[in-house]
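Trainee: I should like to work through this structure step by step. May we look at it together?

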Amino acid sequence: MQSHWHLSENDFFNGLSVEKEEFMSLATRRDIGKDYIVFFEDDPGNSCFYLEKGIIRIFKTTLEGKEPIFFLRRQGEFFGLAEIVDAKPRKANAQTITPSVLYEIRRTDFEDLLSRYPKFAKKIIHILGGRLRYLGEQIENLMVCDVSTRLAKLLVYLSYDILLDQEDWMKPVMIPFSLTQEQMASMTGSCQQTISEILKKFQADRLIAISEKKITILYPLKLLSKTEI
């Protein structure tokens, strides 16, 4: 499991109580509903966001109207970091999948935190490095993995933050939120019909169970083995 360290971010402010208090004093709270566009591609990258509650999808819109998803940002995570670090326009869109609560901080205040709190800065660097590795793996997946393997990798990614120790990998775990088959297809470079067929096969193989649109991974360690290439 150590080879997948970059999948886990947990709550950014774990162990950083002073930094969190300072951040919250500088940031602006925003309560927003489902399907709200937080920012568009090419918007100025003059702020970043801490997600206190909810799920955000980071995606592009192609000329054909498709919307490939690069990341899902979850409770306790930052997003919009790459642009605020180098002061460049947004490279993708950000939209809520569920009602969300987020905190937006301006670049000048964010840079001030980086300069005054070394642990805060180190954690930001660690996160950006992990996300870069994840994107590299996504490119590799599209080139060398079949859709079944890519979907197994996605399910591991969606549940990784709650697979906290070795014992958790040996027992059933429910993915804490739902994605549509279309969204899973977007994240794996596939189509809805193929995803539907593979999910049925995973169920037949007793790797997962699906109830009321919630996926439970029955044998996380066995599913993880399918992601090794």
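Trainee: Which residues in H7 are met by Val-147, Ser-148, Leu-151, Ala-152 and Leu-155 in H5?

Mentor: This is a predicted model, and the contacts are read from its atoms. On the H5 side, the residues are Val-147, Ser-148, Leu-151, Ala-152 and Leu-155. Sorted by class, the contact of H5 with H7 includes eight nonpolar residues, two polar ones and no charged ones. The partners in H7 are Thr-194, Ile-195, Ile-198, Leu-199 and Phe-202.

Trainee: How are H5 and H7 oriented to each other: roughly parallel or roughly perpendicular?

Mentor: The axes of helix H5 (residues 147-159) and helix H7 (residues 192-204) come within 10 Å and cross at roughly 75°. Angles from 65 to 115 degrees count as roughly perpendicular. Therefore H5 and H7 are roughly perpendicular.

Trainee: Which strands are the edge strands of the open sheet?

Mentor: The open sheet has four strands, in the order S1-S8-S3-S6, with antiparallel pairing. Strands of a sheet pair through backbone hydrogen bonds. An edge strand here pairs on one side only, and the two that do so are strand S1 (28-32) and strand S6 (78-79).

Trainee: What is the bridge partner of Tyr-50 in S6?

Mentor: Strand S3 (residues 47-53) and S6 pair in the antiparallel sense, over two bridges. Helix H3 (residues 107-116) packs on this sheet and touches S3, S6 and strand S8 (100-106). The bridge partner of Tyr-50 in S6 is Phe-78.

Trainee: Which residue in S5 stands opposite Ile-55?

Mentor: Strand S4 (residues 55-59) runs antiparallel to S5, and five bridges join them. Strand S5 (residues 69-74) is mostly covered, as five of its six residues are buried. The residue in S5 that stands opposite Ile-55 is Arg-74.

Trainee: Is Met-187 buried or exposed?

Mentor: Met-187 is placed in helix H6 (residues 181-188). Its relative accessibility is 6%, and the cut-off for a buried residue is under 20%. Met-187 therefore counts as buried.

Trainee: How far apart in space are Met-187 and Lys-201?

Mentor: In sequence, Met-187 and Lys-201 are 14 residues apart. Taken from C-alpha to C-alpha, their separation in space is 19 Å.

Trainee: Over which residues is the pLDDT below 50?

Mentor: The mean pLDDT of the chain is 86, and 91% of its residues reach 70 or more. One stretch falls below 50, although it has 24 contacts in the model beyond near neighbours in sequence. Where pLDDT is low, the predicted coordinates should not be read in detail. The stretch is residues 1-7.

Key
Residues numbered from 1 in each chain as written. Predicted model: local features only at pLDDT ≥ 70, side-chain atom pairs only at ≥ 80, totals over all residues. Heavy atoms only, no water. Axes fitted to C-alpha atoms, helices over the stretch in contact; angles between N-to-C directions. Parallel < 35°, antiparallel > 145°, perpendicular 65-115°, else oblique. Contact = heavy atoms within 4.5 Å. Nonpolar A, V, L, I, M, F, W, Y, C, P; charged D, E, K, R; others polar. pLDDT = per-residue confidence, 0-100. Buried < 20%, exposed > 50% of the residue type's maximum accessible area, 1.4 Å probe, protein only. Pairing = 2+ DSSP bridges.
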